[in-house]
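Good morning, and thank you for coming. Today I would like to walk through one protein chain, from its overall make-up to a few individual residues.

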Amino acid sequence: MSANDSAQEKTEEPTSKRLEKAREDGTVPRSKELTTSALLILGTIALMVTGGHISATIMRVMVACFGASREVVFDAQKLLGLFASAIYESFYALIPFFATVLFACIAGPTALGGFLWSTKALAPKLNRMDPLAGLKRMFSMNALVELFKSIAKVLVVVFSAYFTLSYMRNDVLALVNQPIDEAIYNAAYLSAIATLIICASTLIVAAIDIPYQIYAHVKKLKMSMQDIKDEMKDSEGKPEVKGRIRQLQREMSQKRMMAEVPNADVVITNPTHYSVALKYDPTNMATPICVAKGVDFSAMKIREIARAHHVELVQAPALTRAIYHTTGLSEEIPSGLYVAVAQILAYIFQLREYRSGRGERPPRPNNINVPRDMRYD
């Protein structure tokens, strides 16, 4: 197998974007077995709960219809009214049952995959009309799985019916010795319980089918590394373009930073690798801020601009590294460096006084103390 073929193997889990697109196309995991089980079980329960009311209503309607007087039978208007009343009463009695079945039809599919409305799923697919594609689907792995599921359902229902009827055998045989009214009631009760147990047995197949449907859905949506790269290009842009944009952003940020160097009060250097430019206005600032910082080439550029604009340079290697690593651009210096920076600024302000003819020339600060936890060697 070539490297290219290997790269095209769909071994990667689908991304969130691919899953979302599949959902928009109407492709979500669904279990027909879960829907069937929900419909059978809830329908049986609804029939057990409302069966008495339904049968009583139907009996009352049949008595009214078959016991209609001659006057009603030969009067079209009254006969139509009787027919409408019978339809209304029958339908009204069946509403709870129909509502439960409707709920089962909605809850079954949405229990796995959630509620989804997609017009794309409703669109006709011409490939479904292709005979060759149809034959391929008939002999596919999915068709084989469906065959095994059908066989499993039959076996589960047959065994469930066998064991249920075997368990109820004595109760069923006892019906022949009961009065007719009691026998009819007990027969209906036993039939309902047996039906519910047999319907509930289909949950066994559903419990196996649900994990398989989730697995098949994820497997169908699996991606190759090339698919993931293409998706990233579509969603975020090509890496070359993004790299160029980041480069331009860095250059613009660098230009803005260098433009602030002439306004700095002092540039503290490593002296070879690091440079940081600080500004402090006692009337407007609580603490000094870092207006520029750089390493290697950027550090040299900061020093070059500082010399060109007569900004004082002071060598303090430990302090320079500490400010570079702990302070961002336009951020205040951390409190742990207040004393060390104050020594530098005091020297700068005294130097300005000396150059203006007021005071003596100050000595360069030595032994600038930087806290041990802020040292970066």
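Let me begin with a term. A residue is called buried when its relative accessible area is under 20%, exposed when that value is over 50%, and partly exposed in between. Please keep in mind that what we are viewing is a predicted model.

We can apply these cut-offs at once to two cysteines. C199 has a relative accessibility of 9%, so C199 counts as buried. C105, in contrast, has a relative accessible area of 38% and is therefore partly exposed. How many disulfides does the structure hold? The number is zero. For those new to the word, a disulfide is a covalent bond between the sulfur atoms of two cysteines.

Now to the overall picture. The chain has 377 residues, and 29% of them count as buried. Its secondary structure consists of 16 helices and four strands. If we take the contacts with a separation of 6 or more, 74% of them are between residues 24 or more positions apart.

I turn next to a helix, α8, which covers residues 141-167. Its 27 residues should span 39 Å at 1.5 Å a residue, and the C-alpha atoms at its ends are indeed 39 Å apart. The buried residues here are V145, K149, V156, S160, A161 and T164. What do they pack against? Their partners are the helices α3 (32-66), α10 (180-200) and α11 (202-221).

Let us move on to the strands. β1 and β2 run antiparallel and are joined by four bridges. A hairpin of four residues connects β1 to β2, and V266 has L278 in β2 as its bridge partner. β1 also pairs with β4, and here the two strands run parallel, again with four bridges. In that pairing, V267 is matched with L313 in β4. β2, for its part, is joined to β3 by six bridges, and these two strands run antiparallel. Within β3, I289 stands opposite K279.

How do the side chains of β1 point? V266 and I268 point one way, V267 and T269 point the other way, and all four are buried. Strand β3, residues 289-295, has five buried residues out of seven, so the rest of the structure largely encloses β3.

This brings us to the interior. The largest nonpolar core contains 25 residues, and I268 and L319 have the most contacts inside it. Two or more residues of this core come from each of β1 (266-269), β2 (274-279), α15 (317-326) and α16 (338-355). The largest share, seven residues, belongs to α16. I268 itself, leaving aside residues up to four places away in sequence, touches ten residues: Y274, S275, V276, L278, V314, A316, L319, T320, I323 and I344. Apart from the largest core there is another, of 15 residues, which includes M285, V291, I302 and A306.

Since α16 gives the largest share of the main core, it deserves a second look. This helix has 18 residues, and the distance from its first C-alpha to its last is 25 Å, close to the 26 Å expected at 1.5 Å a residue. Its buried residues are A340, V341, I344, L345, Y347, I348 and L351. These cover an arc of only 150° around the axis, and therefore they lie on the same side of α16. A general point helps here: an α-helix has 3.6 residues a turn, so residues three or four places apart point the same way. The cover over the buried residues of α16 includes β1, β2, β4 (312-315) and α15. Just after α16 comes G357, with a positive phi of about 95°.

That leads to my last topic, backbone angles. Most residues other than glycine have a negative phi. Which exceptions can we point to here? One is D296, with a positive phi near 55°. D296 is found in the loop between β3 and α14 (297-308), and its relative accessibility of 41% means that D296 counts as partly exposed. Another is H310, which has a positive phi of about 60° although it is not a glycine. H310 is found in the loop between α14 and β4; with a relative accessible area of 72%, H310 is exposed.

Thank you for your attention.

Key:
Residues are numbered from 1 along each chain as its sequence is written. This is a predicted model: local features need pLDDT of at least 70, side-chain atom pairs count only at pLDDT 80 or more; totals for chains, interfaces and linings use all residues. Side-chain values use heavy atoms; hydrogens and water are left out. A nonpolar core is a set of buried Ala, Val, Leu, Ile, Met, Phe, Trp, Tyr and Cys residues joined through side-chain atoms within 4.5 Å. Buried means under 20% relative accessible area, exposed over 50%, partly exposed in between (1.4 Å probe, protein chains only). Contact means heavy atoms within 4.5 Å. Two strands pair if DSSP finds at least two bridges between them. The expected span of a helix is 1.5 Å times one less than its number of residues. The arc is that of the directions from the helix axis to the C-beta atoms. A disulfide is a pair of cysteine sulfur atoms within 2.5 Å.
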